[in-house]
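Thank you for making room for me this morning. I would like to walk through one structure slowly, and I would ask you to keep the picture in view while I talk.

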Amino acid sequence: MNPIVKKFLQKQIFKQKGAIGSAKSVEFAYNALETRMKNLGLDINLIKTEKDLNQALGFVKNIEDQVFAKKFG
């Protein structure tokens with residue numbers, strides 16, 4: 001599990017729930033994100049900094065928004 005992504009997900013879960021997320025919830029979120037990234041040809045293991053992660057998340061969101069707009073727009 002990529003430590004940069006893991007720490008980011010832990011922070012996000014804490015923001016949402018106001019409590020530290022369980023290892024299982026972090027793992028679930030990690031696997032879901034990894035699947036989304038793999039579907040777009042991105043390797044989660046190549047992320048080395050939080051900046052890399054934010055760029056990857058922006059790319060994933062942008063592509064998913066485009067697909068949604070084409071399908072339902």
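Let me begin with a small question: where is the place of Ala29? The place of Ala29 is in helix H2, and before I say anything else about that residue I should tell you that what you are looking at is a predicted model. Ala29 counts as partly exposed, because its relative accessibility is 23% and buried would mean under 20%. If you look from Ala29 to Lys15, which is 14 residues away along the chain, you will find that their C-alpha atoms are separated by 14 Å.

Now let me step back to the whole chain. The chain has 3 helices and 0 strands, and, read from the N terminus on, its elements run α-α-α. Its C-alpha atoms fill a box of roughly 35 × 25 × 20 Å, taken along the principal axes. Of the 73 residues in the chain, 22% count as buried. Among the contacts that join residues at least 6 apart in sequence, 47% are between residues at least 24 apart.

With that overview in mind, let us take the helices in pairs, starting with H1 and H2. Helix H1 covers residues 3-17, and it packs against H2 at an angle of about 115 degrees, with the two axes 10 Å apart. The crossing of H1 and H2 is right-handed. On the H1 side, the residues that take part are Val5, Lys6, Leu9, Gln10 and Ile13, and they meet Ser25, Val26, Ala29, Tyr30 and Leu33 in H2. Sorted by character, the residues of this contact of H1 with H2 divide into 7 nonpolar, 2 polar and 1 charged.

One residue of H2 deserves a pause here, and that is Val26, which is found in helix H2. Is Val26 buried or exposed? Val26 is buried, since its relative accessible area is 3%, and buried means under 20%. Leaving aside its neighbours within four places in sequence, Val26 is in contact with Lys6, Leu9, Gln10, Ile13 and Gly21. By way of comparison, the C-alpha atoms of Val26 and Asn45, which are 19 residues apart along the chain, are separated by 16 Å.

Between H1 and H2 there is a loop, and Ser22 has its place in it. Ser22 counts as partly exposed, at 42% relative accessibility. From Ser22 to Gln10 there are 12 residues in sequence, and in space the two are 8.7 Å apart, C-alpha to C-alpha.

Let us move on to H2 and H3. Helix H2, residues 23-39, and H3 pack at an angle of about 65 degrees, with their axes 10 Å apart, and H2 and H3 are therefore roughly perpendicular to each other. The crossing of H2 and H3 is left-handed. Here Leu33, Arg36 and Met37 in H2 meet Ala56, Leu57, Val60 and Glu64 in H3. The residues of this contact of H2 with H3 divide into 5 nonpolar, no polar and 2 charged.

The remaining pair to discuss is H1 and H3, whose axes come within 10 Å and cross at roughly 70 degrees, so that these two helices are also roughly perpendicular to each other. The contact is made by Ile4, Val5, Phe8 and Lys11 of H1, together with Glu50, Leu53, Asn54 and Leu57 of H3. The residues of this contact of H1 with H3 divide into 5 nonpolar, 1 polar and 2 charged.

I would like to finish with the aromatic rings. How many aromatic pairs does the structure hold? The structure holds 1 aromatic pair, and that pair is formed by Phe68 and Phe72, with 4.8 Å from centre to centre and 45 degrees between the planes, which makes it tilted. Phe68 and Phe72 are 4 residues apart in helix H3, residues 50-72, and so they are separated by about one helical turn. As for their surroundings, Phe68 is exposed, because its relative accessible area is 52% and exposed means over 50%. Phe72 likewise counts as exposed, at 57% relative accessibility.

That is where I will stop, and I am glad to take questions.

Definitions and conventions:
Residues are numbered from 1 along each chain as its sequence is written. This is a predicted model: local features need pLDDT of at least 70, side-chain atom pairs count only at pLDDT 80 or more; totals for chains, interfaces and linings use all residues. Side-chain values use heavy atoms; hydrogens and water are left out. Rings of Phe, Tyr and Trp (its six-membered ring) pair if their centres lie within 6.5 Å; planes under 30 degrees apart count as stacked, over 60 as edge-to-face and the rest as tilted. Buried means under 20% relative accessible area, exposed over 50%, partly exposed in between (1.4 Å probe, protein chains only). Axes are lines fitted to C-alpha atoms, for helices over the stretch in contact, and angles run from 0 to 180 degrees between N-to-C directions. Angles under 35 degrees count as roughly parallel, over 145 as roughly antiparallel, 65 to 115 as roughly perpendicular and the rest as oblique. A crossing is left-handed if the near helix is turned anticlockwise from the far one by less than a right angle, and right-handed if clockwise. Contact means heavy atoms within 4.5 Å. Ala, Val, Leu, Ile, Met, Phe, Trp, Tyr, Cys and Pro count as nonpolar, Asp, Glu, Lys and Arg as charged, and the others, Gly among them, as polar.
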